Amino acid sequence: KIETPADLLPHVRHYADRKQEHFLCATINGANEILNIRVVSIGLVDRSPVHPREVFADALSDRASAVIVAHNHPSGALEPSPSDLEITGQLKAAGAIVGIDLLDHIIFNRTGYFSFLEEGKL
């Protein structure tokens with residue numbers, strides 16, 4: 001059960017040491033339980049191309065009520081990039097259209113994380 005952004009970290013932290021960005025989507029049911037966690041895209045050292053269609057395709061098939069997206073920053077930096085801010089806005093808007101809430105976008109490394117929800121950016 002996911003109650004805080006940090007609750008997702010044990011499920012995705014093993015992606016922290018990857019040399020490329022891995023953009024992940026956790027599908028969540030109405031009881032805030034994880035249904036599934038999938039890799040949506042694997043990118044370069046500094047970015048990962050993501051499209052809302054790819055994020056919500058699995059969420060729709062899982063009949064999820066919400067999603068939490070997360071990705072590692074191989075550089076170790078936790079501050080969101082301009083493209084991180086842009087895709088978060090796109091995913092929030094797309095989720096509103098299909099009726100699947102974007103609960104959070106988490107950027108993580110080996111030792112810490114940045115939560116768009118906790119930082120008031122969602």
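1. Start with Arg38: with a relative accessible area of 22%, arginine 38 is partly exposed. This is a predicted model, by the way. Arginine 38 sits in strand β2 and reaches aspartate 58 in helix α2, 20 residues apart along the chain. The two form a salt bridge, with the closest N and O atoms 3.6 Å apart. Aspartate 58 has a relative accessible area of 28%, so aspartate 58 is partly exposed. Asp62 belongs here as well, since salt bridges with shared partners tie Arg38, Asp58 and Asp62 into one network.

2. On to the other charged pairs. The salt bridge count comes to four. One of them pairs aspartate 17 with arginine 110, closest N and O atoms 3.6 Å apart. That one spans 93 residues, from the loop between α1 (9-12) and β1 to the loop between β4 (101-108) and β5. Aspartate 17 is partly exposed at 45% relative accessible area, while arginine 110 counts as exposed at 58%. Another joins arginine 53 to glutamate 54, with 3.3 Å between the closest N and O atoms. Here arginine 53 is exposed, at 53% relative accessible area, and glutamate 54 is partly exposed, at 40%.

3. Now the inside. Which residues have the most contacts inside the largest nonpolar core? They are Phe23, Val55, Phe56, Val67, Val69 and Leu91, in a core of 15 residues. The elements giving two or more residues to this core are β1 (22-28), α2, β3 (66-72) and α3 (82-98). Apart from it there is another core, of 14 residues, including Leu8, Leu24, Ala66 and Ala70.

4. Phe23 is worth a look on screen. Phenylalanine 23 is in strand β1 and, at 2% relative accessibility, counts as buried. Its C-alpha lies 5.3 Å from that of serine 41, 18 residues away along the chain. Leaving aside neighbours within four places in sequence, phenylalanine 23 is in contact with a set of residues that includes Arg38, Ser41, Val55, Val69, Leu91 and His105. So Arg38 from point 1 turns up again, this time as a contact of phenylalanine 23, where contact means heavy atoms within 4.5 Å.

5. Val69 has its own list. Not counting residues up to four places away in sequence, valine 69 touches Phe23, Leu24, Cys25, Val55, Leu91, Leu102, Asp104, His105 and Ile106.

6. Serine 115, in strand β5 (residues 113-115), is buried at 2% relative accessibility. A polar atom of the serine 115 side chain lies 3.0 Å from the backbone nitrogen of glutamate 118. Beyond four places in sequence, serine 115 touches Pro5, Asp104 and His105.

7. Two backbone angles to check. Most residues other than glycine have a negative phi. Asparagine 32 has a positive phi, near 65°, and lies in the loop between β1 and β2 (34-42). Asparagine 32 counts as partly exposed, at 31% relative accessibility. Arginine 63 also has a positive phi, near 60°, and is in the loop between α2 and β3. Arginine 63 is exposed, at 69% relative accessible area.

8. Last, the surface. Which residues form a nonpolar patch there? Leu60, Ile97 and Val98 do, with about 290 Å² of accessible area together. Leucine 60 is in helix α2 (residues 52-61) and, at 41% relative accessibility, counts as partly exposed.

Technical notes. Residues numbered from 1 in each chain as written. Predicted model: local features only at pLDDT ≥ 70, side-chain atom pairs only at ≥ 80, totals over all residues. Heavy atoms only, no water. Patch = residues over 30% accessible without salt bridge, like charges linked within 9 Å, V, L, I, M, F, W, Y side chains within 5 Å. Areas by Shrake-Rupley, 256 points an atom, 1.4 Å probe, with all protein chains shown as cover. Salt bridge = Lys/Arg side-chain N within 4 Å of Asp/Glu carboxyl O. Helix = DSSP H or I, 4+ residues; strand = E, 2+ residues; numbered from the N terminus. Buried < 20%, exposed > 50% of the residue type's maximum accessible area, 1.4 Å probe, protein only. Core = buried A, V, L, I, M, F, W, Y, C linked by side-chain atoms within 4.5 Å. Polar contact = N/O pair within 3.5 Å; in protein donor to acceptor, adjacent residues only side chain to side chain.
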